[in-house]
Amino acid sequence: MEPVAFIEVLDRRGHVAQRVRIDRFPGTIGRGYRNTVVVDDGYICPEHARLSVADDGSLILEDLGSVNGMWVSARREPVIRLPIGGRIEVRLGHTLLRLIGSSHEVPPALADRTTGAGFGSRVHPVIGLALALAAAAATGLNSYLGEFDRVTLAKTVSGSLWILPVLAAWAGAWALASRVVSHRFRFFGHLAAGSLALLAGLGLSSLQGYLSFLFPGGWLDAAAGALGGMALIGILLDRHLA
């Protein structure tokens, strides 16, 4: 049974631009359209290299008398015949190729944070609106508790409603950005993230007040505010970018 190999054509950043399975040998690499792997590189010959099976069943990559040769990173001169074992990178012309056997293991799959695994994609509109109203109510309550003069309920409610258009504008800006980048308009996910951040900020402010009361003149409240604020901003950006 003949072996199976894969040739990956890498771009300038080292990402796979093309992956070709070779299960019939010999297979050739070059710029010509008759090759098994066609590479669009003016420094590669029409038939540049050949991948074949040796008598012992191993894979051999051979240079076919090319103009610019075949190079590997560990050597300072071109190679004519190169045994392929496991995973190896070869440069032909200005193109980097990676040769891999079929037994090569790949890492586990990444969690998709944009199509159902992320926070923003799972937020129901009702939940987003409820969190925004909760943030507005918490803002009004915080303002009410901080007033020393007598205030009415109507004044407290009207004074807290301004936060809703602010949250809507914030979520709308992030939703437009996500629409441009990922073609998904996650308004309610961004609304929920902003509302939760506001609630957490109000809680952090209350915590600072208690620490300042318990430890007057100390540095504990300032340190808690600084660390909590940085953590809150980092979490908020992470949720929006998710």
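Axes here are lines fitted to C-alpha atoms, for helices over the stretch in contact, and angles run from 0 to 180 degrees between N-to-C directions. Helices (H or I, at least four residues) and strands (E, at least two) are DSSP runs, numbered from the N terminus.

A word on the source: this is a predicted model, where local features need pLDDT of at least 70 and side-chain atom pairs count only at pLDDT 80 or more, while totals for chains, interfaces and linings use all residues. Residues are numbered from 1 along each chain as its sequence is written, and side-chain values use heavy atoms, with hydrogens and water left out.

**Exercise 1. Work out how H3 and H4 pack, and which residues make the contact.**

Step 1. Two packed helices are described by the angle between their axes and the distance between the axes. For helix H3 (residues 163-182) and helix H4 (residues 187-214), the angle is about 130 degrees and the axes are 8 Å apart.

Step 2. Now name that angle. Under 35 degrees counts as roughly parallel, over 145 as roughly antiparallel, 65 to 115 as roughly perpendicular and the rest as oblique. So H3 is oblique to H4.

Step 3. Contact means heavy atoms within 4.5 Å. On the H3 side the contact residues include Ile163, Leu167, Trp170 and Trp174; on the H4 side they include Phe187, Leu191, Ser195 and Leu198.

Step 4. Sort the contact residues: Ala, Val, Leu, Ile, Met, Phe, Trp, Tyr, Cys and Pro count as nonpolar, Asp, Glu, Lys and Arg as charged, and the others, Gly among them, as polar. You get ten nonpolar, five polar and no charged.

**Exercise 2. Do the same for H4 and H5.**

Step 1. The axes of H4 and helix H5 (residues 220-241) come within 10 Å and cross at roughly 175 degrees. That makes H4 roughly antiparallel to H5.

Step 2. H4 contributes Ala193, Ala197, Leu204 and Leu211, among others, and H5 brings residues including Leu220, Gly228, Leu232 and Arg239.

Step 3. The split for this contact is ten nonpolar, nine polar and two charged.

**Exercise 3. Take two serines of H4, 195 and 206: is each one buried or partly exposed?**

Step 1. Here's the scale: buried means under 20% relative accessible area, exposed over 50%, partly exposed in between (1.4 Å probe, protein chains only).

Step 2. Serine 195 sits in helix H4. Its relative accessible area is 0%, so serine 195 is buried. Skip its neighbours within four places in sequence, and serine 195 touches Leu131, Ala132, Ala135 and Leu167.

Step 3. Serine 206 also belongs to helix H4. Its relative accessibility is 31%, so serine 206 counts as partly exposed. Its C-alpha atom is 8.6 Å from that of asparagine 142, though 64 residues separate the two along the chain.

**Exercise 4. Lay out the sheet that contains E10.**

Step 1. Strands pair if DSSP finds at least two bridges between them. Five strands make an open, antiparallel sheet in the order E2-E1-E10-E9-E7.

Step 2. Find the edges: E2 and strand E7 (70-72) each pair on one side only. From one strand to the next, the twist averages 30 degrees.

Step 3. Look at E10 and its partners. Strand E1 (residues 5-10) pairs with E10 over six bridges, and isoleucine 7 stands opposite leucine 99. E9 and E10 are also joined by six bridges, with arginine 87 facing isoleucine 100. In the hairpin of E9 and E10, glycine 93 has a positive phi near 60 degrees.

Step 4. Check the burial of strand E10 (residues 95-101): five of its seven residues are buried.

Step 5. Finish at E7, which pairs with strand E9 (residues 87-92) over three bridges. There, methionine 70 is opposite leucine 92.

**Exercise 5. Where are the edges of the sheet with mixed pairing?**

Step 1. This open sheet has five strands in the order E4-E3-E5-E6-E8.

Step 2. Strand E4 (37-38) and strand E8 (81-84) each have a single partner strand, so one side of each is left without a neighbour in the sheet.

Step 3. Inside the sheet, E3 and strand E5 (residues 49-53) pair in the antiparallel sense over three bridges, and threonine 28 has arginine 50 as its bridge partner.

Step 4. Just before E3, look at the loop between strand E2 (16-22) and strand E3 (27-30), which holds proline 26. The peptide bond from phenylalanine 25 to proline 26 is cis, with omega near 0 degrees.
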